[in-house]
Amino acid sequence: MEKSASNWGVAAVPDSWNFKPNERLLGLMSLSVRGVLARIKAEMVAAGGGGGRPVIPMGHGDPSAFPCFRTAPEAVDAVAGALQSGEYNSYSTCVGLEPARRSIAQYLSRDLPYELSLDDVYLTNGCAQAIEIICSVLARPGANILLPRPGYKFYEARAVFNGMEVRYYDLLPGKDWEVDTDGVQALADKNTVAIVIINPGNPCGNVYSYEHLAKVAETARKLGIFVIADEAYAHLTFGERKFVPMGVFGAVAPVITLGSLSKRWLVPGWRLGWIVTNDPSGVFQRTKVAASIRTYHYICSDPTTFVQGAVPNLLENSKEEFFQKTIKILKESADICWEKLNGINGVTCPSRPMGSMFVMVKLDLSCLQDIKDDMDFCCRLAKEESVVVLPGRVVGCKDWLRITFAIDPSSLEDGLDRLKSFCLRHSKPAQ
Ligand SMILES: Cc1ncc(COP(=O)(O)O)c(C=O)c1O
């Protein structure tokens, strides 16, 4: 029998239904890196894309597909061992397995002037869920949160979705993307609850000095707010400045550190992250923030148990050579990026990247003909050259680009050469 609705008794469709989607969600697509990159790629494919050349993905921060960015063998052994042991097939405890939390507390304490305990650590599905939880915990009616611009728009999406007001402070391109602390003070009021900093920075490739982080902590203290330190790119630095965790200043102002295995271990698909309270003065206990984070874990999902089970061996056994190799390739790529970008007419790069996987590049539209804006630039670059980069508007800066250099160096050189040909082809003729 033919399959038609009338054959199996489906009633006529009513004119109206009681349900509707949550309208807050509908406006959030433009805030998603993945959503915008998917649109650029779809347009590229529809247009037949760049003459069949391989696509160079300089838009998103996941280098794990490139053989030169494989994770540490000890990390793989740790997960395989946890899986084979048969001990990690159950549901996990709500805030995460104790051995994993204890080993993260010890790992992070190495760089702090005090010791964290396992009670300071809450495990999450990657750093993304850590952001999701913190935004939910803070979202009381009327509250506002200070976010960096340019920044990582996932914070805005999660804050807005929870009904929280977002206020943007500027990062200063002429000062290695430091926080504009005067601007922060002007923005905050009695409903401001926290300031987010991302160090090493996405999208700017900045690495903050000890002195600058101290200034941020003093500013937070003055305002009576806490610092959310997104350290997803912790230790991925390749300039003169070494990574300093914000938790060092936990006694000046309370700090919540967000992190994950994703970037340092090159395994974003393993989905293991953490929220850590750095608060030697016990402010988070007194204000019940710690209790709220714990309670939230009762109403959300946990990271996969066998990945949690692998954490102690993974942290203990990963070798320095693995970390050094990643840094060496990132440094080589960042240098290539800086040098090649400086030779392209139509783009300027205000600051050499010192960490993370990204650099911000300003478009000079007055040198380019028939390019309307950053979105137009990225769509046409993808169609004509099969090179995918992120329009700056997605990180809060219209007519800028965010370029990731965390791809294998030879593809990066190819991608930047194609970017140069594109800019040359679209350059305005000299007057
Ligand atoms: C600044 C920043 N925070 C958080 C995340 C999310 O990290 P994860 O992959 O561990 O969820 C990312 C991912 O790109 C990021 O760039």
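This report walks through a few local features of a predicted model, from the ligand shell to helix crossings and unusual backbone spots.

## Around the ligand

The shell around the ligand holds 13 residues, and Gly-126, Cys-127, Ala-128, Ser-260 and Ser-262 come nearest. Helix H5 (residues 126-138) gives the largest share, three residues. By class, the shell splits into six nonpolar, six polar and one charged.

## Helix H6 and what it packs on

Helix H6 runs over residues 154-161 and is mostly covered, with six of its eight residues buried. Those six are Phe-154, Tyr-155, Glu-156, Ala-157, Arg-158 and Ala-159, so charged side chains are on the list next to nonpolar ones. The buried residues of H6 pack against H5 and against three strands: S3 (144-149), S4 (165-172) and S6 (192-198).

Both ends of this stretch have something to look at. Ahead of H6, in the loop between S3 and H6, sits Pro-150, and the peptide bond leading into Pro-150 from Arg-149 is cis, with omega near 0°. After H6 comes Gly-163, with a positive phi near 85°.

## Two helix crossings

Take H3 (residues 73-85) and H11 (residues 305-317) to begin with. Their axes come within 8 Å and cross at roughly 140°, and the crossing is right-handed. On the H3 side the contact uses Glu-74, Ala-75, Ala-78, Val-79, Gly-81, Ala-82 and Leu-83; on the H11 side it uses Phe-306, Val-307, Gly-309, Ala-310, Asn-313, Leu-314 and Asn-317. Sorted by class, that contact has nine nonpolar, four polar and one charged residues. As for the spacing along such helices, an α-helix has 3.6 residues a turn, so residues three or four places apart point the same way.

The other pair is H13 (residues 374-385) and H14 (residues 409-425), whose axes come within 10 Å and cross at roughly 110°. That angle makes H13 roughly perpendicular to H14. This crossing, too, is right-handed. H13 brings Leu-381, Glu-384 and Glu-385 to the contact, while H14 brings Arg-418, Leu-419, Ser-421 and Phe-422. The class count for H13 with H14 is three nonpolar, one polar and three charged.

## Backbone oddities

Most residues other than glycine have a negative phi, and most peptide bonds are trans. A few places here go the other way. Asp-176 is not a glycine, yet its phi is positive at about 55°. Trp-177 also has a positive phi, near 60°. Asp-176 lies in the loop between S4 and strand S5 (178-179), and Trp-177 is in the loop between S4 and S5 as well. Are they buried or exposed? Asp-176 counts as buried because it has 21 C-beta neighbours inside 10 Å, and Trp-177 is buried with 25 other C-beta atoms within 10 Å.

Another cis peptide bond joins Asn-199 to Pro-200, with omega near -10°. Pro-200 belongs to the loop between S6 and helix H8 (210-223).

## Leu-236, a buried loop residue

Pro-200 turns up again as one of the contacts of Leu-236. Leu-236 is in the loop between strand S7 (226-230) and strand S8 (255-260), and it is buried, since 22 other C-beta atoms lie within 10 Å.

Which residues does Leu-236 touch, leaving out those up to four places away in sequence? They are Pro-200, Lys-263, Arg-264, Leu-330, Gly-355 and Ser-356. Leu-236 and Val-207 are 29 residues apart in sequence, and their C-alpha atoms are 9.3 Å apart in space.

Definitions and conventions:
Residues are numbered from 1 along each chain as its sequence is written. This is a predicted model: local features need pLDDT of at least 70, side-chain atom pairs count only at pLDDT 80 or more; totals for chains, interfaces and linings use all residues. Axes are lines fitted to C-alpha atoms, for helices over the stretch in contact, and angles run from 0 to 180 degrees between N-to-C directions. Helices (H or I, at least four residues) and strands (E, at least two) are DSSP runs, numbered from the N terminus. Angles under 35 degrees count as roughly parallel, over 145 as roughly antiparallel, 65 to 115 as roughly perpendicular and the rest as oblique. A crossing is left-handed if the near helix is turned anticlockwise from the far one by less than a right angle, and right-handed if clockwise. Two residues are in contact if their C-beta atoms, placed from the backbone, lie within 7 Å. A residue is buried if 20 or more other C-beta atoms lie within 10 Å of its own, exposed if 12 or fewer, and partly exposed in between; C-beta atoms are placed from the backbone. A residue is near a molecule or strand if its C-beta atom, placed from the backbone, lies within 6 Å of it.
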